[in-house]
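Colleague: I'd like to learn how to read a model like this one, feature by feature. Could you walk me through it?

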Amino acid sequence: MEVLRNFKQAHLLRVAASEVTEVLPLMKVSDYLTWLAESILNQVVMLAWEPLVERHGRPSRLDGQPCNPDFVVAGYGKLGGIELGHNSDLDLVFLHDAASGGMTDGDKPVSNEQFYARLGQRIIHILSTRTMSGQLYEVDMRLRPSGSAGLLVSSMDSFEKYQLNDAWTWEHQALVRARVVAGCNRARARFDAIRHQVLCLERPLEKLREDVLAMRDKMVDHLGEKGEDRFHLKQDPGGIVDIEFMVQYAALAWSHQHPQLLRYTDNIRILDGLEQAGLMTGDEVRLLQDAYKAYRAAAHRQSLQKLPGVVSGDQFHDERRAVMRIWRELGLS
């Protein structure tokens, strides 16, 4: 655990220095920070997996074969969107594809469900425990099926049923940015297939619009700045979340006709896809991309100084007006 923390800190220092000295542009910095987190997560999964297998054996698949590991860590939010910042936490969902009701094949067998629950607990312990070198990452598991009331590690079958039958619109919005960041390729393919199936559903546009607006209004009320003298880069109208919500709304509205919109999970490339599909003009896409990069660059600067993502209200007037205009033109008002 100490080695992992030292590894992370060395790379964080390197990338922060590269950003401050303008050796690396914003997008490359986020790539670097995201790939760093993925490398650490893959190592943490194996560190958690191997002692459990040694003690209990391997869980079993439906076909009777042992799992290896038939488990994935899905990254949501900034991790899923390849947009990690210097102090970002990790939005994670743990999923397994083992047989329901099966048992491990070791000398001290436990149920598949119990095995993966322990695996999830061990992963969170390694990531979030504070040692002499600090903490690897803050972990947020609230996006798992049924939120804090749900199982720590869900089966792929239950995840699929939940997404198709019980998930709220905001959970499908979150799924637009979700991707597997650690685990095995077999389970990764299953996750990707479920994500594609769910997001390609044809949705009534009016209901979708109402749900997206209701969630956005709630976020502004609870998280935005009150007053004109300060601008919350993420939460205030015309800011980062408005751009993210437009991208997510577009993906949910039109992916059944344009499944290529689901190829990527980052906002910049999804916006490129909207232009290529003829759903947004090149000027609109460029305005949103430029504003998004400007906001994120400012947020990175604030983060490096350990400051909140709030700037003076006299900044970014043109960007905010452009974002709010496109928001209205998309019918989200």
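Modeller: Sure, and let's begin with the outside. The protein has an accessible surface of about 15700 Å², and carbon and sulfur atoms account for 52% of that. Keep in mind that this is a predicted model.

Colleague: How do I judge the overall shape? What radius of gyration would a compact globule with 333 residues have?

Modeller: You set the value for the model beside the one expected for a globule of that length. With 333 residues, a compact globule would come out near 20 Å, and the protein has 21 Å, so the two agree. Along the principal axes, the C-alpha atoms fill a box of roughly 65 × 50 × 35 Å.

Colleague: And the inside? What percentage of the residues is buried?

Modeller: Buried is a cut-off call: under 20% relative accessible area. By that rule, 53% of the 333 residues are buried. For contacts, look at sequence separation: among those between residues at least 6 apart, 72% join residues at least 24 apart.

Colleague: What about charge?

Modeller: Count the side chains, then see where the two sets are centred. Here there are 40 positive and 45 negative side chains, and the centres of the two sets lie 4 Å apart.

Colleague: On to secondary structure. How many helices and strands are there?

Modeller: There are 12 helices and seven strands. For the strands, ask who pairs with whom and in which sense. Strand β1, residues 71–76, runs antiparallel to β2 with six bridges, and antiparallel to β5 with four. You can check the register at single residues: Gly-75 has Leu-92 of β2 as its bridge partner, while Val-73 stands opposite Ala-182 in β5.

Colleague: Does β2 pair in the parallel sense or the antiparallel sense with β3?

Modeller: Parallel, over two bridges, with β3 covering residues 139–140. Asp-91 stands opposite Asp-140 there.

Colleague: How do I read burial along a strand?

Modeller: Look at which way the side chains point, then at how covered they are. In β2 (residues 90–96), seven of the seven residues are buried. Leu-90, Leu-92, Phe-94 and His-96 point one way, with Asp-91, Val-93 and Leu-95 pointing the other. Strand β5, residues 179–183, is mostly covered too, with four of its five residues buried.

Colleague: Now a helix. Why do you call α6 largely enclosed by the rest of the structure?

Modeller: Because seven of its eight residues, in the stretch 169–176, are buried. They are Thr-169, Glu-171, His-172, Gln-173, Ala-174, Leu-175 and Val-176. The next step is to ask what does the covering: it includes β1, α5, α7, α8, α9 and α10.

Colleague: Can we follow one of those covering helices down to a residue? Which residues does Leu-208 contact, leaving aside its neighbours within four places in sequence?

Modeller: Thr-169, Arg-203, Tyr-249, Leu-252 and Ala-253. Leu-208 sits in α8 (residues 205–223) and is buried at 3% relative accessible area. Thr-169 is one of the buried residues of α6, so check that contact on screen. Ala-253 is 45 residues away from Leu-208 in sequence, yet the C-alpha atoms are 7.6 Å apart.

Colleague: And in α9?

Modeller: Try Phe-245, which lies in that helix and is buried, with a relative accessible area of 7%. Beyond its neighbours within four places, Phe-245 contacts Gln-173, Val-212, Met-215, Arg-216, Met-219 and Trp-327. Trp-327 is 82 residues away along the chain, with 9.2 Å between the two C-alpha atoms.

Colleague: Last topic: backbone oddities. Where is the cis peptide bond?

Modeller: Check omega for that. The bond between Asn-68 and Pro-69 is cis, with omega about -10°, and Pro-69 is in the loop between α2 and β1.

Colleague: What about positive phi outside glycine? Is Glu-22 buried or exposed?

Modeller: Glu-22 has a phi of about 60° and lies in the loop between α1 and α2. At 70% relative accessibility, Glu-22 counts as exposed, because the cut-off is over 50%. Phe-316 also has a positive phi, about 65°, and is found in the loop between β7 and α12. At 14% relative accessibility, though, Phe-316 counts as buried.

Note on methods
Residues numbered from 1 in each chain as written. Predicted model: local features only at pLDDT ≥ 70, side-chain atom pairs only at ≥ 80, totals over all residues. Heavy atoms only, no water. Buried < 20%, exposed > 50% of the residue type's maximum accessible area, 1.4 Å probe, protein only. Pairing = 2+ DSSP bridges. Rg over C-alpha atoms; globule rule 2.2 N^0.38 Å. Contact = heavy atoms within 4.5 Å. Areas by Shrake-Rupley, 256 points an atom, 1.4 Å probe, with all protein chains shown as cover. Lys, Arg positive; Asp, Glu negative; His and termini not counted. Charge placed at Lys NZ, Arg CZ, Asp CG, Glu CD.
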